[in-house]
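Please report on the fold of this protein, its central sheet and its charged pairs. Keep it brief.

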Amino acid sequence: MRKASRTGKVLYTARSNWRVPGQAVPAVGGAMDLAVGAPNIYIAMSHVTNKGKPKIVRTCAAPLTACRCVRRIYTDLAIIDVEAGGLVLREFMPGHDPSGIQAKTEAELTLAADRREIDVPETFNGVQLRQ
């Protein structure tokens, strides 16, 4: 499971370097080296858990893979930048609004002055994207 905090800390991921008690997760991997050494880290994740709980949280509860390395978070609902002052909502999916996205985000979101709805095409490579 991926989670991120408002300060850009990366939480436990399936390719992380930590083992969560009681879960069958592989041992040490290369995620820490990649996260610490890369100039920009972008996270792609679902916005909430399968039980509807926020995955973007105020503070991390699990061991950290790397601190303050995330620059942008892409979710199924929004695009959020991680800045020194906190999280900035840049774009959101059609059918959602900033207040609804904030309700599904534990950490506080600042609304970008130029925020906009994501332009999702009707189809892509013959696959219908909108219902």
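How many of the residues of the protein, in percent, count as buried? Of its 131 residues, 35% do. Buried stands for under 20% relative accessible area, exposed for over 50%, and partly exposed for values in between, with a 1.4 Å probe and protein chains only.

## Basis of the model

This is a predicted model, in which local features need pLDDT of at least 70 and side-chain atom pairs count only at pLDDT 80 or more, while totals for chains, interfaces and linings use all residues. Residues are numbered from 1 along each chain as its sequence is written, and side-chain values use heavy atoms, with hydrogens and water left out.

## Overall fold

The protein has 2 helices and 9 strands. Both kinds of element are DSSP runs, numbered from the N terminus: helices are H or I with at least four residues, strands are E with at least two. Along the sequence the pattern reads β-α-β-β-β-β-β-α-β-β-β.

## The five-stranded sheet

An open sheet of 5 strands runs in the order β2-β4-β5-β6-β7. Its pairing is mixed. Strands count as paired if DSSP finds at least two bridges between them. At the edges lie β2 (41-44) and β7 (109-117), each paired on one side only. From one strand to the next, the twist averages 20 degrees. For such angles, axes are lines fitted to C-alpha atoms, for helices over the stretch in contact, and values run from 0 to 180 degrees between N-to-C directions.

## Strand β6 and its neighbours

Strand β6 is mostly covered, with 6 of its 7 residues buried. Strands β5 (residues 78-83) and β6 (residues 86-92) run antiparallel and are joined by 6 bridges. The two form a hairpin with 2 residues between them. E83 stands opposite G86 of β6. A78 has F92 of β6 as its bridge partner.

F92 also stands opposite E117 in β7. Here the pairing changes sense: β6 and β7 are parallel, over 5 bridges. Together with helix α2 (residues 98-103), β6 and β7 make a right-handed β-α-β unit. Right-handed means that, with the strands pointing away from the viewer, the path from the first strand over the helix to the second runs clockwise.

## Salt bridges

How many salt bridges does a search of the whole structure find? It finds 6. The criterion is a side-chain nitrogen of Lys or Arg within 4 Å of a carboxyl oxygen of Asp or Glu. A network of them links R72, D81, E83, R90 and D114.

Within this network, R72 forms a salt bridge with D81, and the closest N and O atoms are 2.5 Å apart. R72 is partly exposed because its relative accessibility is 24%. D81 counts as buried because its relative accessible area is 11%. R90 bridges to D114, with closest N and O atoms 3.4 Å apart. R90 lies in β6 and D114 in β7, so this pair ties together parts 24 residues apart in sequence. D114 has 54% relative accessibility and therefore counts as exposed.

Another salt bridge joins E106 and R58, whose closest N and O atoms are 3.9 Å apart. This pair links distant parts of the chain, 48 residues apart. E106 is in the loop between α2 and β7, and R58 in the loop between β3 (56-57) and β4 (70-74). E106 is partly exposed, with a relative accessible area of 32%.

## T110 in strand β7

T110 is found in strand β7. Its relative accessible area is 42%, so T110 is partly exposed. T110 and D81 are 29 residues apart in sequence. In space, their C-alpha atoms are 9.7 Å apart.

## The stretch around β8 and β9

N125 sits in the loop between β8 (123-124) and β9 (127-128). Its phi is near 55 degrees, a positive value in a residue other than glycine. N125 counts as exposed because its relative accessibility is 70%.

F124, V127 and L129 form a nonpolar surface patch, with about 290 Å² of accessible area together. Patches take residues with over 30% relative accessible area and no salt bridge; like charges are joined within 9 Å, and nonpolar side chains (Val, Leu, Ile, Met, Phe, Trp, Tyr) within 5 Å. Accessible areas come from the Shrake-Rupley method with a 1.4 Å probe, and for residues only the protein chains shown count as cover. L129 lies in the segment after β9. At 43% relative accessibility, L129 is partly exposed.
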